[in-house]
Each structure stands twice: as structure tokens, then as C-alpha cells.
Amino acid sequence: MKYLSKIEWEFLQEEKEISFIEETNLDLFEVTKIYLKRNEKYEILLGIIGKVNQHDSEEIKKLNQPVDIHIKTKFHTYNLFSCHIIKDTMTYPQNEYNVVFKVQNVERNINKYSDNEEYFIKEWYLNSTQDRLIFKRGTSFNIKKEFIKTRDISKNSELNILEESMPDSILDSLFLELNDYSILLQEVPQKFGPDWSKNLGIEYQKELNIPPQDIRKKIVEIISFLLGRFLIKIGETHYDKDWNIINDSCQSPLIPIQIDLKQICKKSDRSCIDFYEGFPLPIVEKRICYIINNYLNEDKIDLSYVIHQLLLSMIVPVEAEIVMIGACLDKLSEIWFKSSKSKSNGELIEKKKFDELIEEYVDNLKNSFKDYPKVFIKIENAFQASGKQKVDFFLEELELETGDVEKDARFYRNKPAHGHLLDDEGLFKLMYLTDAYRTLLNRIILKILNYEVYIDLTSGNILSIDEKLSEENYENYVKMVKEHLNNDST
């Protein structure tokens, strides 16, 4: 396949040596090499090799605190943020030092084009969907070569030959025409980026109205939610109208160091909608656009925090996953009751009516519980629903029917949350109910966004948004697990 690397992936796809330095805030002497690269975890490293004396080595030790580093070269300007030393070695008697910084993010300006007008933005993400068939739009690739040969003769001194190869083509993108913006989702060719991850480029164009950064962030949130992947941003590139790079940035993945990024990227998708029903391309893209538009236009209830936490729960162990999903449901019900969409505001009875009913008893109650003020506060707030009650009210107001599967999922999150050890049967049940709990959250969010169907993650079936999970499937699963464990024990 014929690719142009600068438009297919971020600029740190291979090690970059920084040379022709004109100015820097690094007070180091006799630098022989400065380089930028990514390690196996896709973190950004800045390496500096050079010669020092004893005084210089003391200066290097002062860099142990995170610093911001500025480097200007003949061709580029680099700003590196939150750099801290992870390796510091000296060799004697050569007095050669080798310092390696881990860098949180890098901004690079291309001096030649830095004043050009911005026409295109491409954002780069790790951990994209494993399902290539989601991308249904085609892209063609071709290379044209011009061969010029000039000869030192009086006539016909120049040969000019244009060679063109046969084009390659591939299905690799989706084009989403939203109400106010249009965006292109494009699968990154596998030859770019780490081989342990499927990668995604999201492209915005000036002619299609580039959204502001906060809107772009919300677009990525809802796309991540729909794909069932926690898209991990590692950079973005800005181009002029001729696809010259004006500036770009790259960053280390913002996930805890204890998390195995490679394993995350190998997990299966947890998509909440079906990308195949109504397979023709316009139908699929219109459905995605419908949900994104509703998400961007939802002004009564802010789903950003809940969706972000729900995405984060995809990258933690299953014992923590179900706890985080449960916290998402609690938070979502809280947000709902504070919004104008709620009819009850989470109250068992209107506060005004409650105050009227207890008015004649308040003084006696206050006096009776004067030594137990916390109990009296609970009595004063008895008009409000709390805990499980609040979530039940939330689901009732949404008119979302749930059954024993959803009930068991909500209960089962308490086991790991309270430190209970689970036997093999309990662990199998936990995995099923975690999928059921995530399905419930997906269903709630889609309901709020006025979507009519959802995917049951426990079975892969497509259900109406008003249809609860199958209790028969759940019972059959529990029965199968018991039989399996009994067979193993014998």
C-alpha cells in the first residue's frame, strides 16, 4: 500500500534527532546528541548525550524535579512539558553523560510553515476498535513519479517522463456529517503506530467547520462510548491547505503506570450499538450522527463525567470495573435529579409538604435528639430518597424496565466493593453481571439520547431500549457454570 507517513500517523512514529540547536533553556555543555522517541509503553523519552565536568554533573542532578524544556533549532521549535529524569548515567574517565527524561507532552512548530493558515487537524488515538468492518468508506492510494534527465547536447537535452502506478484501495473510514460539523474517522494503517494496537485518526477540515477544542473532546467521548473502546489520545497534527505540517503535538498515554497498555489494546470491543443492522453505509453513518448530535445538543444533563468514568472502567480489573460502573449509575441518578428533566428531584415527598407535616413535632424531636444531632439531621432530610431508592426512582422516571439480572448486577457490585473474596463460581458470575451492569448503563445513556435499541453485552443480541435483559439467559449461564465447575471437581 502507498502511504504518506505525515498524514497517516503522529510525528514520533520513529526516533527524531534534534540538531542545529540555536537556543535552549538546558544549561548543559558539549551536547553531542539530543533525541526524542517513544518506549514500548508509548511514553515519550528525551535523551541527551554529551561531555561534562564535575560542575556540570552537579547541574544535571538539579533536574530531578519536573521541568519544562524549550529547544529552538534551525527548522523546528520544541516545547517539552513535565520532563523528569528516569535515567542518569556517567562514564569515566570519558566524562560522558547520558540523561533520559520521561516527557508528558511535546509541542513542535515547523518554523517554515508556522505562520500558514490552518486547514486540517488530525487527532491520533491508540486502542481503536478491533472490528475493521465498521469502516465502510473506501480510500484510494496512488504515487506519481516524475523522472527528469538532462543531457549536455544541443538538441533534445531534457527527458521528462511521468510514471504512475496502479492505485490501491481499502475500506478504512467513516464520514460523519453532524448538524454543525463534519468529521472523518479513519483507520490508521497497521504499518504505522505500535503493532499491539489498532489505531484511529480523527480528521477535521476548515471547509467542514473545525469545532473548538471542548467540542472535539465531547465528540471523542461519545465516539469512544459508541465504539466500546477507551480511545487513548497520543497526539494531533495541524496542516495548511497543501498538507504541510504547521505544528503538531504528542503526549504520553494518560493512564496509570500499573495498567498494561498492550493488554488493554487487545481486549474485545464493548460497543453499545450495532454497526451492521441496516448495513448500507448512509444508514450506519446517519445513526451514529443522530446519537452524536443529540449528545452535543443535550443541555439539560451533562453526561461527560459519567461517560468518561464508564470508559475508564474498561481498563481496570473486573473487580474494580463493576464498582466503577455502579458509581457511574449513582452519579448519573444524582445528575438527573439536579436537572430540569426530573419530576421528583429525588424527593419521596415535596419538601414543602414534608415541612408542613412535621412542623408541630420539630421542636419536640429536636429536643429528644439533642444528644444525637446526626440522627436529627436524618429525620429533617427524610423527604429525600437515598442510595438504592434514588436509583430506583431514577429508573422509574426514565420509564426503563429492569429485572432480576439488572437487580443482581447492582447488588453484586457490593461484594468486591466491601472486600469479599469470591470463589470460582462467584468470579464467573461477577464477569457476567459486570457485562450486564455495563449494558444497563449503556442502555440508560442511549435512552437519554433518544436512541431506540441497544446491544446486550451478555449475549450480543440487539434489544429494544424498553426491553430488559433476559432472565432465562442468566439462569442458563449460572446453571452452565455450576455444571462446568462440578465436572472439573470430579
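Lysine 468, at 28% relative accessibility, counts as partly exposed. In this predicted model, lysine 468 forms a salt bridge with glutamate 471, and the closest N and O atoms are 3.3 Å apart. Glutamate 471 is likewise partly exposed, its relative accessible area being 25%. The count of salt bridges in the model comes to 26.

Another of these salt bridges joins the side chains of lysine 206 and glutamate 117, at 2.0 Å from N to O. This pair links distant parts of the chain, 89 residues apart: lysine 206 belongs to the loop between β14 (200–205) and α2 (213–227), and glutamate 117 to the loop between β7 (96–110) and β8 (120–126). Lysine 206 is partly exposed, because its relative accessibility is 36%, a value that falls between the 20% limit for buried and the 50% limit for exposed. Glutamate 117 is also partly exposed, at 45% relative accessibility. Lysine 206 has a further partner, since its charged end sits over the ring of tyrosine 119, 4.8 Å from the ring centre. A similar arrangement involves lysine 218, which lies over the face of tyrosine 295 at 4.5 Å from the ring centre.

The side chains of aspartate 269 and arginine 229 meet in a salt bridge as well, with 3.0 Å from N to O. Here too the pair links distant parts of the chain, 40 residues apart: aspartate 269 is in the loop between α3 (261–266) and α4 (281–297), while arginine 229 is in the loop between α2 and β15 (232–239). Arginine 229 is buried, because its relative accessible area is 2%. Elsewhere, salt bridges link Glu123, Arg216, Lys233 and Glu236 in a network.

Attention may now turn to the nonpolar interior. The largest nonpolar core has 98 residues, of which Leu226, Leu332 and Ile444 touch the most other members. Helix α13 (residues 424–448) gives the most to this core, contributing 11 residues. With neighbours within four places in sequence left aside, leucine 226 is in contact with Ser271, Cys272, Ile273, Phe275, Ile288, Ile291 and Ile292. A second core, separate from the one just described, consists of 21 residues and includes Leu12, Leu36, Ile71 and Tyr78.

Aromatic side chains add another set of contacts, with 10 aromatic pairs in the structure. The rings of tyrosine 432 and tyrosine 474 have centres 5.4 Å apart and planes at 25 degrees, so this pair is stacked. Tyrosine 432 lies in helix α13 and tyrosine 474 in helix α14 (residues 471–489), so the pair ties together parts that are 42 residues apart in sequence. Both tyrosine 432 and tyrosine 474 are buried. Ring pairs also link Tyr3, Phe141 and Phe192 into a cluster.

A last site is centred on serine 342, in the loop between α6 (318–338) and α7 (351–358). Serine 342 is buried, because its relative accessibility is 9%. When residues up to four places away in sequence are not counted, serine 342 touches Trp336, Phe337 and Glu397. Serine 342 and glutamate 397 are 55 residues apart in sequence, and their C-alpha atoms are 7.1 Å apart in space. The side chains of serine 342 and glutamate 397 are joined by a polar contact of 3.1 Å.

How values were computed: Residues are numbered from 1 along each chain as its sequence is written. This is a predicted model: local features need pLDDT of at least 70, side-chain atom pairs count only at pLDDT 80 or more; totals for chains, interfaces and linings use all residues. Side-chain values use heavy atoms; hydrogens and water are left out. A salt bridge is a side-chain nitrogen of Lys or Arg within 4 Å of a carboxyl oxygen of Asp or Glu. Helices (H or I, at least four residues) and strands (E, at least two) are DSSP runs, numbered from the N terminus. Buried means under 20% relative accessible area, exposed over 50%, partly exposed in between (1.4 Å probe, protein chains only). A nonpolar core is a set of buried Ala, Val, Leu, Ile, Met, Phe, Trp, Tyr and Cys residues joined through side-chain atoms within 4.5 Å. Contact means heavy atoms within 4.5 Å. Rings of Phe, Tyr and Trp (its six-membered ring) pair if their centres lie within 6.5 Å; planes under 30 degrees apart count as stacked, over 60 as edge-to-face and the rest as tilted. A charge sits over a ring if NZ of Lys or CZ of Arg is within 6 Å of the ring centre and within 35 degrees of the ring normal. A polar contact is a pair of N or O atoms within 3.5 Å; within protein, one must be able to donate a hydrogen and the other to accept it, and residues adjacent in sequence count only if both atoms are side-chain atoms.
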